[in-house]
Amino acid sequence: MMENSQDLCNTEGDGDGRKAVASTSYTPTAGSSGYRLFGRQGSVHNSLGGGQAADVLLWKRGRVSFGAIVVATISWLLFERSGLSFLSICSDVLLILVVLLFLRANYAVFRNKQLQTLPELVLSEEMVNNAAASFRVKINNVLLMAHDITLGKDFRLFFKVVVCLWLLSVIGSFFSFFTLAYIGSIISITLPALYSKYEETVDGCYGKIHRQFSKHYKIVDEGVFNRLPRNVPKDKDS
């Protein structure tokens with residue numbers, strides 16, 4: 001009996017060891033390459049915030065995600081095809097909403113029905129302070145970048161900003177603001193779910209593209225960027 005129990009324990013221990021080895025030895029293809037899209041550390045759900053918004057973007061709440069696409073499409077058609085201005089459409093929508101809510105409340109009083117209690121829309125002080133602090137940090141970063149570009153301290157940053165602004169100008173010449181906002185909304189709702197489904201394949205392709213781009217950028221950096229002055233030369237003392 002003692003020998004059988006020892007063999008059983010050894011078998012269970014070997015099984016746990018195999019499971020541990022299997023769990024530690026298994027790594028995704030993209031993880032083994034060391035590249036992940038946007039340099040994320042955790043899962044896609046956690047990278048998107050891990051809340052209800054992440055559930056909507058990853059289509060874990062399919063009805064809400066589909067409803068967001070429908071609302072975005074209707075809004076785009078109203079703004080882009082109706083010919084009305086943004087202020088007119090917003091005023092009309094708010095007018096219809098206020099009238100419907102007012103008629104609903106009075107109809108409930110007329111029928112002696114009790115209305116459902118609506119949640120109070122109140123912004124807490126903590127929420128406002130957190131939003132203001134986050135906004136302040138982003139604005140300071142933009143101002144710091146503008147300061148460095150103005151003084152000519154960082155040519156690489158200047159080159160990136162010029163390329164990004166030129167691309168935005170080219171894209172803006174083909175699409176209106178509302179069309180760009182609609183395309184951005186559709187992309188933000190569909191791409192995260194597709195990426196979560198084909199995560200390993202996308203990360204593997206991203207790793208290959210990143211290595212090739214880094215190789216070419218290193219050549220350009222050594223041949224061009226390193227020869228350019230980084231700092232403004234100081235005036236010599238007379």
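# Exercises on a predicted all-chain model

Among contacts in the chain (heavy atoms within 4.5 Å) between residues at least 6 apart in sequence, 62% join residues at least 24 apart. The model is predicted: local features need pLDDT of at least 70, side-chain atom pairs count only at pLDDT 80 or more, and totals for chains, interfaces and linings use all residues. Residues are numbered from 1 along each chain as its sequence is written, and side-chain values use heavy atoms, with hydrogens and water left out.

## Exercise 1: Confidence

Find the average pLDDT of the chain and the stretches where pLDDT is under 50.

*Solution.*
- Step 1. Recall the scale: pLDDT is the predictor's confidence in each residue, from 0 to 100.
- Step 2. Take the average. It is 75 for the chain, and 75% of the residues score at least 70.
- Step 3. Look at residues 1-33. Their pLDDT stays under 50, and the model gives them nine contacts beyond four places in sequence.
- Step 4. Go to residues 232-238. The pLDDT is below 50 here too, with one contact beyond near neighbours in sequence.

## Exercise 2: Secondary structure

How many helices and strands does the chain have?

*Solution.*
- Step 1. Apply the rule: helices (H or I, at least four residues) and strands (E, at least two) are DSSP runs, numbered from the N terminus.
- Step 2. Count them. The chain has 10 helices and zero strands.

## Exercise 3: The length of α7

What span should helix α7 have, and what do its end C-alpha atoms show?

*Solution.*
- Step 1. Use the formula: the expected span is 1.5 Å times one less than the number of residues.
- Step 2. Helix α7 covers residues 125-150, which is 26 residues, so 38 Å is expected.
- Step 3. Compare. The end C-alpha atoms of α7 are 37 Å apart, which agrees.
- Step 4. Move just past α7. There G152 takes a positive phi of about 70 degrees.

## Exercise 4: Annotated spans

Which residues does UniProt list as "transmembrane region"?

*Solution.*
- Step 1. Read the unreviewed UniProt entry. It lists residues 62-79, 85-103 and 157-183. Positions use the numbering given here, feature names are shortened, and annotations may be inferred rather than shown by experiment.
- Step 2. Check residues 62-79 in the model. The span is 100% helix and 0% strand, with its end C-alpha atoms 26 Å apart.
- Step 3. Check residues 85-103. They are 95% helix and 0% strand, and the end C-alpha atoms lie 27 Å apart.

## Exercise 5: D55 and its surroundings

Is D55 buried or exposed, and which side chain of opposite charge is nearest?

*Solution.*
- Step 1. Place D55. It is in helix α4 (residues 52-57).
- Step 2. Set the cut-offs: buried means under 20% relative accessible area, exposed over 50%, partly exposed in between (1.4 Å probe, protein chains only).
- Step 3. D55 is buried. Of the 238 residues of the chain, 11% count as buried.
- Step 4. Assign charges. Lys and Arg count as positive, Asp and Glu as negative; His and the chain ends are not counted.
- Step 5. Test for a salt bridge (a side-chain nitrogen of Lys or Arg within 4 Å of a carboxyl oxygen of Asp or Glu). D55 has none; K60, the nearest side chain of opposite charge, is 4.7 Å away.
- Step 6. List the contacts. Leaving out residues up to four places away in sequence, D55 touches H45, K60, R61 and S65.
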